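Here's a quick tour of a small set of features worth looking at while you have the model open. Keep the sequence to hand as you read.

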Amino acid sequence: MQPFSIYRSNIESLRDYFGKFGEITEVMVMKDPTTRRSRGFGFITFGDPASVDKVLAQGTHELDGKKIDPKVAFPRRAHPKVSE
């Protein structure tokens with residue numbers, strides 16, 4: 001789905017919160033490979049694309065005292081590199 005601020009949120013709280021918008025198939029929290037600390041964003045994959053529309057329609061969300069600004073994410077392979 002989209003990147004979001006998740007410094008203190010864990011996967012279960014994200015799953016619980018966003019689960020009200022539809023079935024979640026995957027939650028990923030992006031972490032720094034060296035420190036293993038959250039990089040402050042992640043991705044949620046919904047089973048039904050209409051769930052994404054529901055999340056975006058609500059605007060800004062708040063979880064664990066942090067505002068979440070949801071955005072639609074696209075797989076990197078969907079955007080081929082352009083060589084010049």
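## One salt bridge

Let's start with charge pairing, bearing in mind that this is a predicted model. How many salt bridges does the count come to? The count comes to one. Side chains of opposite charge can pair when their charged atoms come close. Here the partners are aspartate 69 and lysine 71, with 3.0 Å between the closest N and O atoms.

Are these two residues buried, exposed or partly exposed? Aspartate 69 has a relative accessible area of 43%, so it counts as partly exposed. Lysine 71 lands in that class too, with a value of 42%.

## Overall layout

Zooming out, the protein has two helices and four strands. Read from the N terminus, the order is α-β-β-α-β-β.

As for how the chain packs, 30% of the 84 residues count as buried. Take the contacts with a separation of 6 or more: 56% of them come from residues 24 or more positions apart. The protein exposes about 6,000 Å², and 50% of that is supplied by carbon and sulfur atoms.

## The nonpolar core

Now for the inside. The largest nonpolar core has 13 residues, and the ones touching the most other members are Leu14, Phe18, Phe21, Ile24, Ile44 and Phe46. Four elements each give two or more residues to this core: helix H1 (11-18), strand S1 (24-31), strand S2 (38-46) and helix H2 (49-58).

## A greasy spot on the surface

Some nonpolar side chains sit on the outside instead. Leu56, Val72 and Phe74 make up a nonpolar surface patch, and together they have about 270 Å² of accessible area.

Where does phenylalanine 74 sit in the chain? You'll find it in the segment after strand S4 (66-68). Why does phenylalanine 74 count as exposed? Its relative accessibility is 57%, and the cut-off for exposed is over 50%, so phenylalanine 74 qualifies.

## How far to trust it

Finally, a word on confidence. The mean pLDDT of the protein is 82, with 80% of the residues reaching 70 or more. Which elements have the highest and lowest mean pLDDT? Among the elements, H2 has the highest mean, at 95, and S4 has the lowest, at 87.

The start of the chain is another story. Over residues 1-8 the pLDDT stays under 50. For that stretch the model has 49 contacts beyond four places in sequence.

Technical notes. Residues are numbered from 1 along each chain as its sequence is written. Side-chain values use heavy atoms; hydrogens and water are left out. A nonpolar core is a set of buried Ala, Val, Leu, Ile, Met, Phe, Trp, Tyr and Cys residues joined through side-chain atoms within 4.5 Å. Buried means under 20% relative accessible area, exposed over 50%, partly exposed in between (1.4 Å probe, protein chains only). Patches are made of residues with over 30% relative accessible area and no salt bridge: like charges are joined within 9 Å, nonpolar side chains (Val, Leu, Ile, Met, Phe, Trp, Tyr) within 5 Å. Accessible areas come from the Shrake-Rupley method with a 1.4 Å probe; for residues, only the protein chains shown count as cover. A salt bridge is a side-chain nitrogen of Lys or Arg within 4 Å of a carboxyl oxygen of Asp or Glu. Contact means heavy atoms within 4.5 Å. pLDDT is the predictor's confidence in each residue, from 0 to 100.
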